[in-house]
Amino acid sequence: MKKLVRSAFLLGVLLILGAGFVAGMGVSAAADAPPPPRTHTLRIAAAADLKFALDELLKDFRAKHPDARVEVTYGASGNFLAQLSQGAPFDVFLSADMSYPRKLVEQGLVAPDGVFPYAVGHLVLWVPRDSPLPVEKLGMKALLEPGVRHIAIANPQHAPYGRAAEAALKSQGLHDAVKDKLVLGENVAQTAQFAQSGAADVGIIALSLALAPAMKAQGRYWEVPTSAYPRMEQGGAILQKAKDPELARRFRDALLGPQSRPLLERYGFTAPGP
């Protein structure tokens, strides 16, 4: 009889301990469970010159919208214009040329009041820090130096910074003299890579990229006078087919808000306007 009582007691203890262990497992599983799925997605097509500034800006935006998944694709604005005209699934377009979002308006692809200017971009001549080219002293005339064999610019066919670089060369009377030395990048970010890697002796690139940490540490630059090329007003658009228009508007407001302006200025962008 004592053995039966002892066995029943031990069984009860084991059941209680087992229940506690299972309960503990339940708490642990809940604590280690993956976060709930993000319910909102924002897909941004952005001009390549925005790479570093926008990546930094999005850190704060993502922190304030933890339920949102933000995806950014960087490239040449003209290529994005063609893709969006064919129905590419983006919610927001940030162009290096304000005229591109306006073209999308003409095609009926932009939400009402969806176009907005956000910055003015600037051109620079960039060379590696150990380059013998005295760009600070000679400016664009440094491109005529005998040691310059390759000059990187973005492709003017679809990259606004490439068109601006070409215009600057022509306005300074240098285009014919250097046209055979031009190496075309798919976009201005690739152009900067050509100069940074040594594939080109000098690059005509966006100031925003020259001020990025790696480029700034590794090179020197001379800012091309704004009078040498057409004003580079950059603008964005919220697309008509945006899956989450409210999230897109929140992003636009963050980009245009007072907290973003110092960041954009730190990367060489100036405020839009007259």
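This note goes through a few residues of a predicted model, beginning with two positions taken from a database record.

1. The UniProt record, in an unreviewed entry, places the feature "binding site" at Ser-77 and Val-188. Although these positions span 112 residues in sequence, no two of their C-alpha atoms are more than 10.1 Å apart, so they gather at one spot. Both Ser-77 and Val-188 belong to the lining of the largest cavity.

2. Ser-77 lies in helix 3, which covers residues 77–85, and with a relative accessibility of 2% it counts as buried, because that value is under 20%. Beyond its neighbours within four places in sequence, Ser-77 is in contact with residues including Ala-47, Phe-93, Asp-97, Tyr-100 and His-158.

3. Val-188 lies in helix 8, residues 188–197, and counts as buried at 4% relative accessibility. Its contacts, again leaving aside neighbours within four places in sequence, include Ala-48, Asp-49, Ala-154, Tyr-161 and Leu-209.

4. Strand 4, residues 110–121, holds Val-120, which is buried at 4% relative accessibility. Val-120 and Met-232 are 112 residues apart in sequence, while their C-alpha atoms are 5.4 Å apart in space. Met-232 is among the contacts of Val-120 outside its neighbours within four places in sequence, as are Arg-231, Glu-233, Phe-269 and Pro-272.

5. Asp-113 also lies in strand 4, but this residue is exposed, with a relative accessible area of 74%. Its backbone deserves a second look: most residues other than glycine have a negative phi, whereas Asp-113, which is not a glycine, has a positive phi of about 55°.

Conventions
Residues numbered from 1 in each chain as written. Predicted model: local features only at pLDDT ≥ 70, side-chain atom pairs only at ≥ 80, totals over all residues. Heavy atoms only, no water. Helix = DSSP H or I, 4+ residues; strand = E, 2+ residues; numbered from the N terminus. Buried < 20%, exposed > 50% of the residue type's maximum accessible area, 1.4 Å probe, protein only. Contact = heavy atoms within 4.5 Å. UniProt positions renumbered as here; feature names shortened; annotations may be inferred. 1 Å grid on protein atoms, 1.4 Å probe; cavity = no way out; pocket = protein on both sides within 12 Å on 5 of 7 lines; lining within 4 Å.
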